[in-house]
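Student: Please take me through one helix of this model in close detail. I would like its buried side and its charged side chains treated together.

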Amino acid sequence: MIDFEVDDIRNMNAFLKIFSDYLEERNVDADRIFDSRLVSCELISNVLKHCGEPARFSGYLSSDGVVINVESEKSFGALPPPTLPEVFAESGRGLYIINAVSGGNVTVCGNKITVIIKTENPRRM
């Protein structure tokens with residue numbers, strides 16, 4: 001499992017590289033690694049932007065796939081259903097992308113969002 005906290009968007013990519021390397025070492029398909037990094041980036045960015053506080057991240061490979069958890073001190077509340085945003089919309093793309101990439105495997109519980117990216121034959125670690 002990889003755990004870290006991001007308090008500045010400029011530090012996010014270095015932490016996500018560690019997570020990507022962890023997945024690569026466990027033979028996760030390159031497309032699923034890309035998807036996992038994309039989802040992680042969107043979730044962390046949303047916490048930093050909308051909550052104005054550090055984002056706590058944990059990610060690991062399970063028998064279900066790549067599990068990504070992002071938490072903040074503040075509750076996320078009810079998230080709107082992720083629909084395809086208008087072309088020039090200023091918001092909503094991130095949730096839509098996360099939902100599409102994960103096949104709808106998104107769970108919100110208070111201040112924690114969990115996303116599962118399905119993989120073919122994941123090796124449990």
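Tutor: What follows is a close look at helix α2 in a predicted model.

Helix α2 covers residues 30-51. Start with Ser40, which sits in this helix. Its relative accessible area is 0%, so Ser40 counts as buried. The Ser40 side chain reaches back to the backbone oxygen of Ser36, at 2.7 Å. What does Ser40 contact beyond its neighbours within four places in sequence? The partners are Leu16, Phe19, Phe57 and Ile68.

Now the next residue of interest, Cys41. Cys41 is partly exposed, at 24% relative accessibility. The structure holds zero disulfides.

Turn to the charged side chains. Arg32 and Asp35 both lie in helix α2. They are three residues apart, about one turn of the helix. Their side chains form a salt bridge, with N to O at 2.9 Å. Are these two residues buried or exposed, or in between? Arg32 has 23% relative accessibility and is partly exposed. Asp35 has 11%, and the cut-off for buried is under 20%, so Asp35 counts as buried. The pair also belongs to a network of salt bridges that links Asp29, Arg32 and Asp35.

Helix α1 (residues 12-25) offers a parallel case to set beside this one. There, Asp21 and Lys17 lie four residues apart, about one turn of the helix. Their salt bridge spans 2.7 Å, N to O. Asp21 is partly exposed at 27%, and Lys17 is partly exposed at 45%. The whole structure has seven salt bridges.

Terms used. Residues are numbered from 1 along each chain as its sequence is written. This is a predicted model: local features need pLDDT of at least 70, side-chain atom pairs count only at pLDDT 80 or more; totals for chains, interfaces and linings use all residues. Side-chain values use heavy atoms; hydrogens and water are left out. Helices (H or I, at least four residues) and strands (E, at least two) are DSSP runs, numbered from the N terminus. Buried means under 20% relative accessible area, exposed over 50%, partly exposed in between (1.4 Å probe, protein chains only). A polar contact is a pair of N or O atoms within 3.5 Å; within protein, one must be able to donate a hydrogen and the other to accept it, and residues adjacent in sequence count only if both atoms are side-chain atoms. Contact means heavy atoms within 4.5 Å. A disulfide is a pair of cysteine sulfur atoms within 2.5 Å. A salt bridge is a side-chain nitrogen of Lys or Arg within 4 Å of a carboxyl oxygen of Asp or Glu.
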